[in-house]
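Subject: Structure handover

Dear colleague,

Please find the structure below, with its sequence. My notes come after it.

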Amino acid sequence: MSLLSDLINLDISDSTEKIIAEYIWIGGSGMDIRSKGRTLPGPVTDPSKLPKWNYDGSSTGQAPGEDSEVILYPQAIFKDPFRRGNNILVMCDAYTPAGEPIPTNHRHKAAEIFSHPDVVAEVPWYGIEQEYTLLQKDLKWPLGWPVGGFPGPQGPYYCGAGAEKAFGRDIVDAHYKACLFAGVNISGINAEVMPGQWEFQVGPSVGISAGDEIWIARYILERITEIAGVVVSFDPKPIEVSIYIFLFFDSQLILINRILYYNFFKPQGDWNGAGAHCNYR
């Protein structure tokens with residue numbers, strides 16, 4: 001009997017010319033990444049040869065329920081590091097059935113700018129430094145942090161090595177190699193100043209390809225952390241802790257102990273935040 005892992009890693013190229021294309025797009029929040037797969041009759045290397053597709057925009061915060069159809073336009077193709085073979089990841093943007101970009105489709109306007117002859121002549125190079133935090137799935141607490149507590153002050157973790165300094169390196173290395181396999185121009189990785197915080201760099205990439213590559217790199221990271229049972233956060237300040245303060249007042253006159261209870265949210269620790277720094281040349 002086949003194991004689940006055997007079927008996940010099944011190479012279908014020996015039995016069919018068909019491939020699986022995973023269509024990927026940005027959801028309604030502007031940071032959530034959505035995808036769904038479809039079967040194609042054979043290998044494709046040119047996104048203009050791919051069929052358009054649709055999805056229910058009311059389920060992603062991008063269309064009303066009474067008129068929910070949104071159309072995906074394929075824009076860039078990458079090799080699929082999960083299914084491998086001739087299977088592909090397809091970066092898409094989203095349009096109404098009438099062909100108008102939906103309000104959250106910022107790629108459309110960017111493509112207009114980057115395709116302008118004056119911009120093309122400049123050959124704009126971008127390098128993006130994407131920081132992120134790995135969180136324990138059930139606790140939403142960073143890897144390497146004691147449960148309910150805080151690690152030692154920042155200093156030894158940045159570009160650190162060792163079990164007490166680097167947390168999640170297996171995920172980071174898997175992501176690095178998967179991006180290289182996919183064709184993302186990932187140029188490096190490093191541990192950041194906070195335990196459980198890492199960074200990868202994409203670029204130099206020219207024009208709109210920088211945007212496509214950073215989003216595919218984020219998608220691949222989301223998929224790898226899904227497999228690992230870890231949550232990835234791109235939030236600049238992902239740690240918000242509920243603190244309880246109890247103040248006790250003992251009045252012998254009225255023989256009552258009164259407890260004042262305060263519950264408020266306050267970020268803890270002097271930690272650098274996470275961002276996506278953009279370099280231009």
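The notes cover the sheet, the helix on it, and one loop residue.

Please keep in mind that this is a predicted model.

The sheet

Five strands make up an open sheet with mixed pairing, and their order is β2-β1-β5-β4-β3. The edges are taken by β2 (33–40) and β3 (53–56). Each of these has a single partner strand, so one side of each has no neighbour in the sheet. On average, neighbouring strands are turned by 40° against each other, with direction ignored.

For the pair at the β2 edge, β1 (residues 19–26) and β2 run antiparallel and are joined by eight bridges. Within this pair, Tyr23 is placed opposite Lys36 of β2.

The helix

Helix α5 (residues 209–228) packs on the sheet, where it touches β1, β2, β4 (69–79) and β5. The direction of α5 makes about 115° with that of β5.

Asn105

The loop that holds Asn105 runs between β5 (88–95) and α2 (106–114). Asn105 has a relative accessible area of 10%; that is under 20%, so the residue counts as buried.

Which residues does Asn105 contact, once its neighbours within four places in sequence are left aside? They are Asp93, Ala94 and Tyr95. With Asp93, the side chain of Asn105 forms a polar contact of 3.5 Å to the side chain of that residue.

Regards

Conventions. Residues numbered from 1 in each chain as written. Predicted model: local features only at pLDDT ≥ 70, side-chain atom pairs only at ≥ 80, totals over all residues. Heavy atoms only, no water. Helix = DSSP H or I, 4+ residues; strand = E, 2+ residues; numbered from the N terminus. Buried < 20%, exposed > 50% of the residue type's maximum accessible area, 1.4 Å probe, protein only. Polar contact = N/O pair within 3.5 Å; in protein donor to acceptor, adjacent residues only side chain to side chain. Contact = heavy atoms within 4.5 Å. Pairing = 2+ DSSP bridges. Axes fitted to C-alpha atoms, helices over the stretch in contact; angles between N-to-C directions.
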